[in-house]
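Me: I have a few points on how terms are applied in the model below. Please set each value against its definition.

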Amino acid sequence: MSTSRLAGFKDLSVAQRRELVAAHAGADALSVFDPHSGLGLEQADHMIENVVGVLGVPLGVATNFTVNGRDVLVPMATEEPSVVAAASNAARIARVRGGFTTSSTDPIMQAQVQIVDVADPEAARLRLLEARQELIALADQQDPRLVEFGGGVRDLVVRLVDSRVQRYVVAHLVVDVRDAMGANAVNTMAEAIAERAAQIAGGRPLLRILTNKADLRLARARAVFDAESVGGAEVVADIVHAAALAEADPYRAATHNKGIMNGITAVVLATGNDTRAVEAGAHSHAIGPDGRYTALSRFEQDVDGNLVGTLELPMAVGLVGGATKVHPVAQRAVQVLGVSTAAELAEIITAVGLAQNFAAVRALATEGIQRGHMSLHARNVAVAAGATDAELAAVVARLVGDKAVRADHAEKVLGELRAEAGR
Ligand SMILES: CC(C)(COP(=O)([O-])OP(=O)([O-])OC[C@H]1O[C@@H](n2cnc3c(N)ncnc32)[C@H](O)[C@@H]1OP(=O)([O-])[O-])[C@@H](O)C(=O)NCCC(=O)NCCSC(=O)C[C@@](C)(O)CC(=O)[O-]
Ligand SMILES: NC(=O)C1=CN([C@@H]2O[C@H](COP(=O)(O)OP(=O)(O)OC[C@H]3O[C@@H](n4cnc5c(N)ncnc54)[C@H](O)[C@@H]3O)[C@@H](O)[C@H]2O)C=CC1
């Protein structure tokens with residue numbers, strides 16, 4: 001089934017949405033998305049330690065995404081109102097000009113081996129490089145499955161890092177991890193070569209761990225947002241101004257990048273991937289060549305006057321290993337996305353990050369964030385004030401109408417409605 005635009009998806013009931021998503025994923029029913037049949041206590045107890053329960057996070061589906069010409073429904077797990085709506089809204093505008101175009105590097109992760117107390121670091125560096133083949137072979141022996149799947153060590157790089165204590169020799173194993181996120185895989189390799197590497201360097205092995213600055217594993221997304229659909233030439237120009245401030249000013253960049261991560265983290269979480277690893281990679285990548293923290297995305301006006309958005313960042317996500325293969329909901333989310341490689345997943349996640357960023361910045365450059373975001377957040381405020389299902393719509397309408405989406409006002413409105421009903 002083509003998802004085409006799926007206009008009006010938001011107006012369907014939860015049951016109707018599930019039917020549509022199930023049909024799209026080629027599944028009979030999405031029973032596993034049911035809160036009572038998702039992650040069980042027993043499975044949870046195998047995943048982490050000292051388990052006492054399972055936390056439910058809303059799982060939504062962003063619509064309207066076209067990525068490299070393919071319509072995609074995007075599962076997003078988030079507690080924040082308006083994130084799924086914003087992504088769908090941006091994707092609706094992007095598809096006017098063909099949607100998102102993506103690409104990525106090979107899935108290369110790196111592990112570091114720190115060697116301390118080396119008398120001659122410069123010479124140690126060359127001794128390690130002379131032993132490159134031996135060390136690579138030793139590392140590859142640790143993971144025959146990965147090698148079988150076409151992955152394995154691609155290079156050995158040696159850096160000298162001057163710290164306030166001493167000059168460290170730091171060997172990097174550069175590993176193609178194929179469809180894995182790869183942390184466990186490269187950590188095993190780093191631990192296996194550490195003793196031998198330190199012996200060759202003439203020092204003592206200390207840290208043996210991957211780096212989350214996965215700057216050899218980049219995913220990229222690009223989209224042209226049609227000027228008219230964006231709101232006209234002035235809005236395009238103002239979005240470029242907004243993005244330029246984020247590039248120039250770390251205070252704005254942090255919020256701009258948070259908007260990107262609203263989308264990225266939601267898909268990373270929905271697919272059972274490691275949100276902290278992706279966030280660490282993103283923020284380390286937000287440091288520009290001049291050492292300043294800056295925006296991860298760029299927005300420009302093209303020759304036709306349309307807005308072009310681009311995003312490039314490390315994206316260490318996998319389809320095997322970690323929770324991706326264990327969590328039943330994550331597996332179903334991957335099925336809905338219709339991806340079969342980690343690279344495809346990484347690219348879709350990056351497209352969602354760009355969409356999310358565009359939606360937020362467009363709102364900020366026009367009417368402001370409050371109308372769209374707060375009208376959706378009003379439901380949370382009303383429920384927190386004690387509104388029942390039957391009272392919810394009336395309370396939300398009053399909060400939005402009064403432009404006062406606040407707890408005290410919700411309590412006041414609720415009191416008034418109940419007094420009227422009691423009369
Ligand atoms: C909220 C909208 C989308 C409303 O925007 P709108 O123009 O009022 O929406 P609309 O009713 O015309 O609908 C347009 C499309 O948006 C989607 N849409 C619209 N409403 C819904 C809904 N209820 N449920 C699901 N989807 C929805 C849906 O795809 C819909 O198409 P349709 O289905 O009608 O054919 C818009 O104002 C928007 O994109 N705002 C940005 C919101 C945002 O970024 N939220 C993130 C939280 S704020 C934050 O944390 C980050 C920030 C902002 O600080 C980052 C930064 O500073 O850069
Ligand atoms: N700093 C960090 O980010 C750290 C993260 N982690 C955790 O590590 C986990 C991910 O580690 P992984 O090595 O991905 O998991 P993993 O070790 O469970 O799975 C990867 C293994 O799967 C096998 N495999 C089977 N099919 C494959 C294919 N098609 N492509 C690649 N490998 C295939 C390979 O032997 C590979 O080594 C996550 O849970 C993450 O939270 C662990 C330590 C540190």
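Me: What phi does Gly26 take just after α1?

Reply: Gly26 takes a positive phi of about 70° just after α1. Helices here are DSSP runs of H or I with at least four residues, and strands are runs of E with at least two, numbered from the N terminus. This is a predicted model, in which local features need pLDDT of at least 70 and side-chain atom pairs count only at pLDDT 80 or more, while totals for chains, interfaces and linings use all residues. Residues are numbered from 1 along each chain as its sequence is written, and chains are lettered from A and ligands numbered from 1 in the order in which they are written.

Me: How do you know that the span of helix α1 agrees with its 12 residues?

Reply: The expected span is 1.5 Å times one less than the number of residues. For residues 14-25 that gives 16 Å, and the end C-alpha atoms are 16 Å apart, so the two agree.

Me: What makes a residue part of the shell around ligand 2?

Reply: Its C-beta atom, placed from the backbone, must lie within 6 Å of the molecule. For ligand 2, 23 residues surround it, with Arg178, Ala183, Asn184, Gly321 and Gly322 the closest. Helix α7 (183-201) and α6 (144-148) each give two or more, and α7 gives the most, with four.

Me: Which domains supply at least three residues each to that shell?

Reply: Domain 1 (9-26 + 57-103 + 218-366) and domain 2 (108-210) do; the bounds come from an automatic or database domain assignment.
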